[in-house]
Structures are given as structure tokens and as C-alpha cells.
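Dear colleague,

Please find below the structure that I am handing over to you, together with its sequence. My notes on what was found in it come directly after.

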Amino acid sequence: MRALLAIAVVAFLTHATLAQDGDRSLRTANGLLQRGLHAEAAAEYTTALRSLDNAASRDEARYGLAMSQYSLGRDAEALRALSELETGSRFQFRADADVLRTHLYFRQKDYARAADAATAAIAHRDHAAWAGTASLLVESLHRAGRHEQAVEKYAELDDRMTNDRDAYRRASYFAGLSRSIQAKRERDHAQAAQWFERALPPRGRDDLGDLAMLQQAQSLRRAGRTADAISTYERAVARGGEKIKPDAMLQLASVLRAQGRSGEAANVLRSLADDFGRHQPARVQFELGLALLDIDEVSEAARAFDRAERAGDAELTDDIAYWRAKADLRQDRPGDAAERLRNAIRQHSNSPLAAEMQYDLAIALQRSGDTSAASRAFEQFLSAHPDHAMAPDALYARASLALDAGDTEMAASLASQFNAMYSRHPLATNARFLQGEAAYRRGEYRAAATAFAGLIEGEDVALAQQARYRLGMSLHAQGQNEEATKHLRAVTDGLRTRSEFLPALFTLAEIAFDAGDWPDAERGFGQYVQAVGDEGDGADAATMKRALAQLRQNNTSDAIETLDSFLATWPGSTHAAHAQFELAQAYVSLGDDARAERAFDRLLERHGDTRFAPYALRHLAAIASRAGDAQRAARLYEQAADRGGSELANDIALDRARALVNAGQPGDAASLLRNMEGPARAWRVIALSRAGQHADAVKLANGLGASSLDADTASLYQYALATSLRNTGETQRASQVLATLATSQVPTSANAAIDLADLLIASKDYARAANLLEPIASHDSLGSTATYKAAWARYQLNDHRKVVALLEDKDLGELTGPGAMLLGESLLALKRGREAAQQFEVALDKTGEGVDPEAALLRLGEAHAAAQDWRKSQAAYERHRREHDKSPRWYMAEFGIGWALENAGKPREAMPHYRAVADKHKGDTAARAQFQLGECLFALNEHEEAVRELLRVDILHASPTWSAAALYEAGRCFEAMGKVGEARAQYRAVQERFGESDWAKAAGERLDAIAGPGGTRTSGRGG
């Protein structure tokens, strides 16, 4: 940008030297800019622009101003100056301006506009900064995400950019980036690599070259040119800067390992870890582990994976665990290997220890809980080694795993096979138990009970206990709870129950729950959870039922504690939605809406697709209604209705309609309540009224009595009816309803009073309206409205003191502005100008809220004038002229300025303002302005000119009021000049034409005073 500015400054200084001598500010500014005095230059350009009358010169100043502001970092001001150029394509520095605009947008990171500006700038093909601008165009398009255009523009312009090496390199780099992003084929990546090559410096290195080299290597790899990619990566590592070396080394190692050169990759990665320890430590150690595994340095690989794991890269966690497992397998650690990966066996299928590895792997998988993989491993073991000493154990393990996997048929078949092959084996009894277990899990509880009953008296006490436990569970499943309870209690002992029999505790609690024995159920489920712990099977279900048992006993606080614990412990449980719903309802029952709302929100966030969602939405809607958020309540009721089906939709229709009315959607509420009776019909009347369908509301209300409604609904209904009656012209009936409401202790009484007052005001019964409104001036929400309207009624009665009493020191909220205007008017009427001015100032601060800012400014000027604060009066009127220069009331402000200046002792300064009104306006104010012109000249003792101006009042305006005054004052001017005859003529004209005016009396007094020979000469001004 520095080169650009230098060219532009020299260019227009040549023009400026030829400018006329009168353009001193412009020439001065150019000189300051050339000297680097940008702030001073900007100020001088601004001065020049105020007086230059030539468009070309103004554009030169604007361009110079833009460059100054650019150098000062004031980009918005610079852009504004450029946007005001007048001469368009004829502007001598148009090209420089387009280039400058490009740099401004680019510096603001508005790349889309920078690209558009650069497109215009490069049209100036002979501009000295063309290549740099073309480069900036390509970069802006890339940064704006317009990659296709970036590629196209680069291809179109690259030949012309080659004469500016730096610009060409930068354009090539960003074009290469866009080409890479767009690339779909190898040849696209090859082209990107070629463009990155162009971005490399011819000698040495720099940051752009480093980045380009790294990108080039990536593109070459994607283009399938692996050897070239490797050599480029190696060059980047050897010659690149510190910013790219780590990435280059990491990517080099990756491509080397992909080519089977893992030893070299490992060496590169070790160097990377040593030299750049903070660069992607997890990725580097992971890649190192892979390379070390490839070259069979397993222990080192395991340590590398451990370091990678400690570095904590979330994206690599699964990969690290996988390869760490492979390292464990290579170190003969099958337990750890089974936890990490099942694929390990495929890596060692030809090992001399294949049978032992297969069996140990199966055991490891079984212990890690991967039953299907363990089963397959045992199956493979048995298939390959049927005569091995561990074959019976493997067969029994397969049956057990099949059972664990839920394949009960396979489990029973394998157990039967075991008993046929190894009937004398110590595990034969276990195999028969397993057959019973398979039947139990298939739901064949009668067969299971038979099998377990044959084992409860066996020699193996432990197995007998297990059989008794399963017998009890089988009986429970058949509904024989009394018999089941006997067996289950035999294997349980509260918290001392053996772990394998803990489900019996759960079942006993469930039996109590189903029987409605809530204390027993609560105690039993509590013992179960305490015994199995949070991770125990069914702990979540037990906790859930314990909470329900507590709720059935109305132990709400205990239930909340239990449900909170449930959700904290098992957020992913299948019962989580139910728990969240019950928790939220518990808070509702306690009246704690805030916590209930948070709980329902959490339910929708986490379990929005469950059956509880529509009911949660309904609760949330009710909470929102209680909180006064009708908009949200209506939206939530709608969602609940949509998701809960027709039954729920009908159930909540009235609540939803109330919310819609309160949310300002009465039309929707009316539609929802169509054909419904009772309170719903009343609410439909309310909705129709608020929707402006007043005739329909009145028609629907006919025949509907309010006696069947609750007090609040009746109040709202009657108010709605009154509103619609007013709007259908039935004002007398409306007044009757409103009068009843206004004198009742109902929620709508204040609204009714205000509406009734509106009717009274409309009939000009201001006193009754005010008397009705004033008692509710202290109402919480309607007090401001009532106060304002009462004051307005008093104002119509000219009771200004009452207006002041009502409004002074009152906060009217949204009516503050209109209230201040009204108070100001009354204060002004009471000749309290200074206080009135304060109120008009308040009104001006509240414009847009029922305040006419023009009127407020005019009245402010008048109030200051009444207080004889002429400086502030003038300022108010001048502000009106600035802010409302097109206003038809301009003449009032113009006259006010003149009046303030005249009264401040500056008659000559006042005269141009009076003249403007007199020349450009028609009416009484114009006549008075003409009169004040004469008065100002009179005060300046310029009597002849004063006479001419005063007489123009009568000649041009013929205003009865001001003609009389003007003729009188003209007489006094003649007196001051010693022209007594002329003075008498003016006084007599006043008496003859305006005999009833005060001026006629004053004229008579002057005639008496100058009645003697020669008269009495007077001077000074009066009137």
C-alpha cells in the first residue's frame, strides 16, 4: 500500500500545482500529505471541501482526504470520502481511488467488497499498482470463500502479474489454496502444486515460501506423486522456517510410513518430538508408536502410545487404544489386549503357540465382557484343538457365553452336548443348571422351575443356593408370589445378601410395590441399590421405583432427593425421562415453579422424543402463564397439543386459548375455541374482541350470562364485551357495562375506568372524566395512563394548576414524553417558563414515544424565551432549523431565533432571520417578522430604513394587529427624525383604522404630546 500511495500523491500534486491560487486549502493539504502530516492534511482537506466550487477539485480533495484517513487508520471515514466522489470515470485519480478502496475493504476484512473493489481497480490496466491489486483480488476472493472465482481470475491474470514478483507469488499461493479446496481429481492437485511452486522465492526463504512449500508437498501427495512429495517435504524440513518444520516433519513421517519406510519415519518423528515437543504431542507420539510397531520395537511403541494417551487428543483416543492393544498383544498381555481390541488374534494366527494364544485370548475376551468375540475364540479353539486338555472348559465356557449373549437355544444345546460328552466332569452339574437357566431366560418358567427344583438339595451348596434363587425367580415370573417369596427370602439377608442373589432383593421389593405395600417397597428397593451400588444391574430401575413409592406416600422432599440422585447417577438410563418428569412434577406440587421449569426443560432437552414430552410442555406452558410470559405459554401449549394427540389437545384447548389471548394472538384463540361452550365461549368473546372482530364478539355474547363464570373470567368477559360494544357504536350500553366494572373490585376496574373516561372525553365531559381517572392515578400498571388522561382532561378545562399537581414529579413510564409536553404547556400557561423548558427537554429525550419532536423544540424555544433565557431559546430554535429544515413550521423557529437575538441586544444579527420569515412566509407571523425588522432598525437608530420596513407591514401584509403597531412605531421614528407632520399622519391613521386597539389609545397620547407648534421631538423606541 505504501507504493500505491506514493504514486497517487505524486500524481495529484502535479494537478494541484496547476490549481488556481484561490484553492489554497487544497494546495496546503496536498503539501501536508506529501510531508506525511496526515492528521493536519485531513483537517485541511475538510476545510477545502467547504468552499471548493469545482467538482474536479472537490474530488481531488476527497481523494486526498481518503488517503489521509487511511494512513490514520480511519477506514470508515476514508470509505465515506471515496463514496462521495462526483466526477465518476472522469475523475483523474479514479484508478488510485479504486485501488485505495480495495485496500480499505481488505484491511477491514470485508473480503467480498474488497474483491468487488479490486475487480473495478484492475480495469485500469496501466496503473502502476495493477499487479499488486490483481494479487489482492485473488487473495480476497479466496478469503471470501469464492474459490472458483479465485481460480478463474488467477488463470486469467497470472501472465500480467509476473512483472511484480511479490504480487505474483502471493496470488499464486492463494490461487493454489483455492484450487486445493476445489480439487476433485489428481490433476487438480497437480495444478495446485504447480501454482504453489510459483509462490516459492527465487532465492533464500520467507514465510510465504515456507507455507507454499508445505502446501505444495501436500498437493503432490494428493496428486499421487509420492516421490516428489517426499523430496518436497524433506526440502521443507531442511530449508523451511520454524513455523512449518513441525508440520512438514509430521507429514513426511506419515508418507514415509505409507511407503513402507517406517524406520526412517520413526527417526523423523523422534527428531520432531525432541525439537518441537509442544507440537501436536499426541499425534507425534501416536505416529511414532505406529512406526515403531512396524519395525518391531514393541516396548518402545507401547511407551509411545502411553505418551500419546497422556497428551490427551480426543480425536486420537480410539486409535491410540487400538494400537496400544496391539502392542499389548505383542507383549503377551491378553487381558489388556482384550479390553482394547478383538482383532489381535488375526495378527498371530500362524504362531507356534496358536492354541494357547487362542484359548488365553478367549479367556481375556470373556473377562473383558466381549462375549460374542470370546465365544468365537473358544469355537475356533475347539475346532482347531478338539483333543486339548482344556476342551471341556472351552465347551462349557461357550455354553455360558451363549447364555450371556442371549442365545439360549445355543446355550442349551451346548450344555446338552457337554453332558453327553463329559457326564462325569466336575462341571456336569453346572451344565444342568445352565440348561435350566437357558429355559428361564427363554421365558419357559415352568420348565426352568422343574430344572432348578431338582438341584436345590444337591451336594454343591453354592450351586444349590443358586438353584433355589432361580427357582424363586421362576415362580415369581409365573405369578406365584407367595411361593416365590419363601425361596427368595431364603437366599437374601438384607444388605448381607450375597452379590449373586441381589436381584432377589429387587424382586421382593417389586412384589411389595405391586401389592401397594409402599413402605416395604421403598425399603426393599433402597436395600437393593445400597447393596449393588450405582453400577449394579437394575440399580436405576430400583431407584426409580423407590422414588415412586416415596411419592405414593407423599414424601415429596425425599422423592426429590432420590430422583436428583437418580439423574445424576444414571443420566442415560431408559428410566431417565420418567425420573426427570416425576422430579419436575414434584417441584410443581411444592409450588417451586423455577425448579420445575428447569427440570421440564432438561426433560425436553434430553428426552424430547418420549411420551413424557407433551405433558412436560403442558406443565411448562402453565408455568409460563403463571410467570406472565403468555407468548411462551401459547407456544408451549401449541407444541404440547401437536405432540400429545387429539385427547391432550382438547384437554388443554382453553388454557392454550387464554395464553394466545394474553400473547397477543386473539384471532388464533378465537379459532381454537370455536363451537365450545361454558367458560370457553366467554373466552372466545374475549378473543374476538381483542382480535378486533367486535360485531362477532357482541353477537356471540348475546345470551351468555356471566354468573356461571369465575370472578376473574367474568371481569375480563364484561370488559371485552364493553370494548366491542364501543367499537360497534353501542356506546350507551358500553358505558353502562364500563360503569359497573369501574366501581367494582375486579381486575379490570381500572381499565374500565379509563375506557369510560375516554367516552366522557369524547363527549367533552372533561370534569367527570378527570374525576373518574384521578383516583386510579396510583394504579400499578395503569396509573401512568390514568394520570396522563386525567391531566389532559384538566388541561381542556384550563385547570393548569391541577395539571401541574397531577404530572409534576411523576414517572409516567412510556407516557413520560407526552406527559412532559402536557406539563410543559401548563407550566408555560402559568408563566413558569424555566420549569416548562425543563419538561420540554424531557419530552425531546422521549421522541418517538408519542411526542412531536418539532413541536417540542418550538415550545422549548418559547419556554426559554418566557424565562428570558435568550441564549437557550436561540439554541432550541436553531436546533429545530437543523433537524427539521424541511418542516412547514420552519418560520416559527426562524422567527424565534430572531426574537432571541433581538432581546439579547443583537438586533442586527436578528434581522436576517426576521427577513427570511417576512420574505418566504405568508401569514400573521410574517407580518410580525416584518414589524420586528422595523423595530430592530429603530433600535439601531437607522430611522429612515426603519420607517420603510414598518410601513411594509401595512402595505404587504395588512395584518390588523401588526399594521396598527407598525404605523404607531413608524410615527415614533418620524418623531425621532424631527418629522412631526409625518408622525401625526401615522398616529391619526392608527386612530382612524384601529380605533378599538390599545395602539389607538397610545397614538392619541402621542398626538397630544406633539400638539403644540413644532411639536415635541422624541427619540428612542417603544411599544
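The notes below take up two helix pairs, the nonpolar cores and one loop residue. Please bear in mind throughout that this is a predicted model.

The first helix pair is α4, which spans residues 55–71, and α5, which spans residues 75–83. Their axes lie 8 Å apart and form an angle of about 165°. Angles over 145 degrees count as roughly antiparallel, and α4 and α5 are therefore roughly antiparallel to each other. The crossing of α4 past α5 is left-handed. On the α4 side, the residues that meet α5 are R62, Y63, L65, A66, Q69 and Y70; on the α5 side, they are D75, E77, A78, A81 and L82. By character, the residues of this contact between α4 and α5 comprise seven nonpolar, one polar and three charged.

The second pair consists of α23 (residues 391–404) and α25 (residues 428–441). Here the angle is about 20°, and the axes are 10 Å apart. Since angles under 35 degrees count as roughly parallel, α23 and α25 are therefore roughly parallel to each other. Again, α23 passes α25 in a left-handed crossing. Helix α23 contributes Y396, A399, S400, L403 and D404 to the contact, while α25 contributes N430, A431, L434, E437, A438 and R441. This contact of α23 with α25 is made up of six nonpolar, two polar and three charged residues.

I turn next to the nonpolar cores. In soluble globular proteins, nonpolar side chains tend to be buried together. The largest nonpolar core in this model contains 91 residues. Within that core, the residues with the most contacts are F525, Y528, F566, F600, V685, Y717 and L738. When neighbours within four places in sequence are left aside, L738 is in contact with Y719, A722, R726, A752, D755, L756 and L759. There is also a second, separate core of 68 residues, which includes V151, A217, L290 and L293.

Finally, is I122, a loop residue, buried or exposed? I122 lies in the loop between α7 (111–121) and α8 (130–143). Its relative accessible area is 8%, and buried means under 20%; I122 is therefore buried. Apart from neighbours within four places in sequence, the contacts of I122 are W130, T133, A134, L137 and L157. I122 and D98 are 24 residues apart in sequence, and their C-alpha atoms are 8.6 Å apart in space.

With kind regards

How values were computed: Residues are numbered from 1 along each chain as its sequence is written. This is a predicted model: local features need pLDDT of at least 70, side-chain atom pairs count only at pLDDT 80 or more; totals for chains, interfaces and linings use all residues. Side-chain values use heavy atoms; hydrogens and water are left out. Axes are lines fitted to C-alpha atoms, for helices over the stretch in contact, and angles run from 0 to 180 degrees between N-to-C directions. Helices (H or I, at least four residues) and strands (E, at least two) are DSSP runs, numbered from the N terminus. Angles under 35 degrees count as roughly parallel, over 145 as roughly antiparallel, 65 to 115 as roughly perpendicular and the rest as oblique. A crossing is left-handed if the near helix is turned anticlockwise from the far one by less than a right angle, and right-handed if clockwise. Contact means heavy atoms within 4.5 Å. Ala, Val, Leu, Ile, Met, Phe, Trp, Tyr, Cys and Pro count as nonpolar, Asp, Glu, Lys and Arg as charged, and the others, Gly among them, as polar. A nonpolar core is a set of buried Ala, Val, Leu, Ile, Met, Phe, Trp, Tyr and Cys residues joined through side-chain atoms within 4.5 Å. Buried means under 20% relative accessible area, exposed over 50%, partly exposed in between (1.4 Å probe, protein chains only).
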